[in-house]
Amino acid sequence: VVLANVYFFSQVIYAVLPDTIVSDLVGGWTYAQGNASPSKGLAYYLSAPQSAVATVLDPFHTLFYVMFLLSMTAVMSKAWVEVAGISAKGVARELKDNQMVIKGHRDTSLEHELNRYIPMAAAFGGMAMGALVVVCDLVGIAGFGFGLITAITIVFQYYETVSREYGGNLAQLMGDLSQ
């Protein structure tokens, strides 16, 4: 969403004010064979390098892109944990509702203990997914990184649904499927 907005506004600014300092900072565009690609400014540095040669020739662009994508995926993952209700508070509440405890910890310290791990795990997971997208972009597999992430998310959601319906008893599921 952030990238789409930067691209949109930089194209609008470039169309209205071409070759000005504003369009140079926000993003200049090159149009060739019906395709638009960012050529300077913020839009350029937030876009993936166009080829392996471009990766080597402009290491600052590559580094900026990698750092931006990894940091954004980490931030979005941490935000998703809060929105989806799987934050330390939500997990602690669910554990309490199921009368589960962490051995050696009181109920009051459960949320604090989970808060030590869940945000870091979310950020690391987001960065791992971002790294997969970066590798796919740098190797030149267009759209593969995001497509793979989408497929993994869909399969995992089906797994969670089936697991919930069968109470985590996958042996029962396999038995039901074989009949």
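Among contacts in the protein between residues at least 6 apart in sequence, what share joins residues at least 24 apart? In this predicted model, the share of such contacts that join residues at least 24 apart is 34%. The chain has 179 residues, of which 25% are buried, and its secondary structure comes to 10 helices and 2 strands. Read along the sequence, these elements follow the pattern α-α-β-β-α-α-α-α-α-α-α-α, and the description below takes up several parts of that pattern.

At the start of the chain, helix 1 (2-16) and helix 2 (21-26) are joined by a loop that contains D19. The phi of D19 is near 55°, a positive value in a residue other than glycine. Most residues other than glycine have a negative phi. With a relative accessibility of 59%, D19 counts as exposed, because the threshold for that class is over 50%.

The two strands come next for consideration. Strand 1 (residues 28-32) and strand 2 (residues 35-40) pair in the antiparallel sense, and 5 bridges connect them. A32 stands opposite N35 in strand 2, and the hairpin that the two strands form has 2 residues between them. Q33 is found in this loop between strand 1 and strand 2, where Q33 takes a positive phi of about 55° although it is not a glycine. The relative accessible area of Q33 is 82%, so this residue is exposed.

Within strand 2 itself lies A36, a residue that is partly exposed because its relative accessible area is 36%, a value between the limits of 20% and 50%. Which residues does A36 contact when its neighbours within four places in sequence are left aside? The partners of A36 are Q11, W29, T30 and Y31. Of Q11 it can be added that 25 residues separate it from A36 along the chain, while the C-alpha atoms of the two are separated by 9.1 Å.

Further along, helix 5 (residues 59-84) and helix 8 (residues 118-139) have axes that come within 7 Å and cross at roughly 140°. Helix 5 and helix 8 are therefore oblique to each other, since an angle has to be over 145 degrees to count as roughly antiparallel. The crossing in which helix 5 passes helix 8 is right-handed. On the side of helix 5, the contact involves T62, Y65, V66, L69, L70, T73, A74, S77, K78 and V81, and these meet I118, P119, A122, A123, G126, M127, G130, A131, V133, V134, D137 and L138 in helix 8. Sorted by class, the residues of this contact are 15 nonpolar, 5 polar and 2 charged.

Helix 8 also takes part in the packing of helix 6 (residues 88-97), whose buried residues are A88, G90, A92 and L95. These buried residues of helix 6 pack against helix 7 (110-115) as well as against helix 8. After helix 6 comes Q99, a residue whose phi is positive, near 55°.

Helix 7 is the place of E113. Is E113 buried or exposed? E113 has a relative accessible area of 12% and is therefore buried, as that class takes in values under 20%. Apart from neighbours within four places in sequence, E113 is in contact with I102 and H105.

Methods: Residues are numbered from 1 along each chain as its sequence is written. This is a predicted model: local features need pLDDT of at least 70, side-chain atom pairs count only at pLDDT 80 or more; totals for chains, interfaces and linings use all residues. Side-chain values use heavy atoms; hydrogens and water are left out. Axes are lines fitted to C-alpha atoms, for helices over the stretch in contact, and angles run from 0 to 180 degrees between N-to-C directions. Helices (H or I, at least four residues) and strands (E, at least two) are DSSP runs, numbered from the N terminus. Angles under 35 degrees count as roughly parallel, over 145 as roughly antiparallel, 65 to 115 as roughly perpendicular and the rest as oblique. A crossing is left-handed if the near helix is turned anticlockwise from the far one by less than a right angle, and right-handed if clockwise. Contact means heavy atoms within 4.5 Å. Ala, Val, Leu, Ile, Met, Phe, Trp, Tyr, Cys and Pro count as nonpolar, Asp, Glu, Lys and Arg as charged, and the others, Gly among them, as polar. Two strands pair if DSSP finds at least two bridges between them. Buried means under 20% relative accessible area, exposed over 50%, partly exposed in between (1.4 Å probe, protein chains only).
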